[in-house]
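Reader: Hey, I've just been handed this structure and I'm lost. Can you walk me through it?

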Amino acid sequence: IPENTIHLNVSGDVLYNVNFDIGGFQFNIDGDITSSASGGDASVAGFTVSASGSTVLAFSFTGSVIASGCGTLTVLNLNGNPTGLSNIVFSSSAAQGSESIEVLYYQP
C-alpha cells in the first residue's frame, strides 16, 4: 500500500505503511462496529488498544513505539462488512500535545 496510508481488509487486519515511528493512533470504522482489537504490531510494541463500537484508540503507557515501515497494525473483531476507516489520527513518538501526522485510508 502507498506510504502514509492504512487499509482494512475483509478479515479485519488493519495494514499500515508509514515513514515515521508511531506513538499512537485512533480511527473510526465506517459501516461496522468492533468488539475488540488484538495482535499485530501494536500488540508486539505493548500498546494498549481500546476498540469498542466504531472507534479504535491505541497508545503506549511506557513510551514504546511501532517502528516505521509496513505491516499489520492490529486485527479487529468485526461484526459485519465495513466500508473503510475515517477520522484517522496518528502521532509520532515525538508528538507534542495535539500534533498529528496525516495518514490516509487506502482503498484499492
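Author: Sure, one term to start: buried means under 20% relative accessible area, exposed means over 50%, and partly exposed is in between, using a 1.4 Å probe and protein chains only. By that scale L57, with 34% relative accessibility, is partly exposed.

Reader: OK, and where did this model come from?

Author: It's a predicted model, where local features need pLDDT of at least 70, side-chain atom pairs count only at pLDDT 80 or more, and totals for chains, interfaces and linings use all residues. Residues are numbered from 1 along each chain as its sequence is written, and side-chain values use heavy atoms, with hydrogens and water left out.

Reader: Cool. Which strand is L57 in?

Author: L57 is in strand β6, residues 55-59. Strands here are DSSP runs of E with at least two residues, helices are runs of H or I with at least four, and both are numbered from the N terminus.

Reader: Is L57 part of a patch, and what kind? What does it form with F59 and F61?

Author: L57, F59 and F61 make up a nonpolar patch on the surface, and together they have about 310 Å² of accessible area. Patches take residues with over 30% relative accessible area and no salt bridge, joining like charges within 9 Å and nonpolar side chains (Val, Leu, Ile, Met, Phe, Trp, Tyr) within 5 Å. A salt bridge is a side-chain nitrogen of Lys or Arg within 4 Å of a carboxyl oxygen of Asp or Glu. The areas come from the Shrake-Rupley method with a 1.4 Å probe, and for residues only the protein chains shown count as cover.

Reader: Zooming out, how many helices and strands are in the protein?

Author: One helix and nine strands. Going from the N terminus, the order is β-β-β-β-α-β-β-β-β-β. The radius of gyration is 12 Å, close to the 13 Å from the globule rule for 108 residues, so the protein is as compact as a globular protein of that length. That radius is taken over C-alpha atoms, and the rule is 2.2 Å times the number of residues to the power 0.38.

Reader: And what share of the residues counts as buried?

Author: 37% of the 108 residues. T34 is one buried residue, at 3% relative accessible area, and T34 sits in strand β4, residues 34-38.

Reader: What does the side chain of T34 reach?

Author: The backbone oxygen of S36, at 2.8 Å. As for contacts (heavy atoms within 4.5 Å), T34 has several beyond its neighbours within four places in sequence, including I29, A51, V56 and L76.

Reader: What about N28, buried or exposed?

Author: Buried, at 18% relative accessibility. N28 lies in strand β3, residues 22-30, and its side chain makes a polar contact with the side chain of T55 at 3.3 Å. A polar contact is a pair of N or O atoms within 3.5 Å; within protein, one must be able to donate a hydrogen and the other to accept it, and residues adjacent in sequence count only if both atoms are side-chain atoms.

Reader: Switching topic, where is G63?

Author: In the loop between β6 and β7 (69-78). G63 is exposed, with a relative accessible area of 58%. Its C-alpha atom is 10 Å from that of I22, and these two are 41 residues apart along the chain.

Reader: Last one: which strand has T5?

Author: Strand β1, residues 5-8. T5 is buried at 7% relative accessible area, and its side chain reaches the backbone oxygen of P2 at 2.5 Å.
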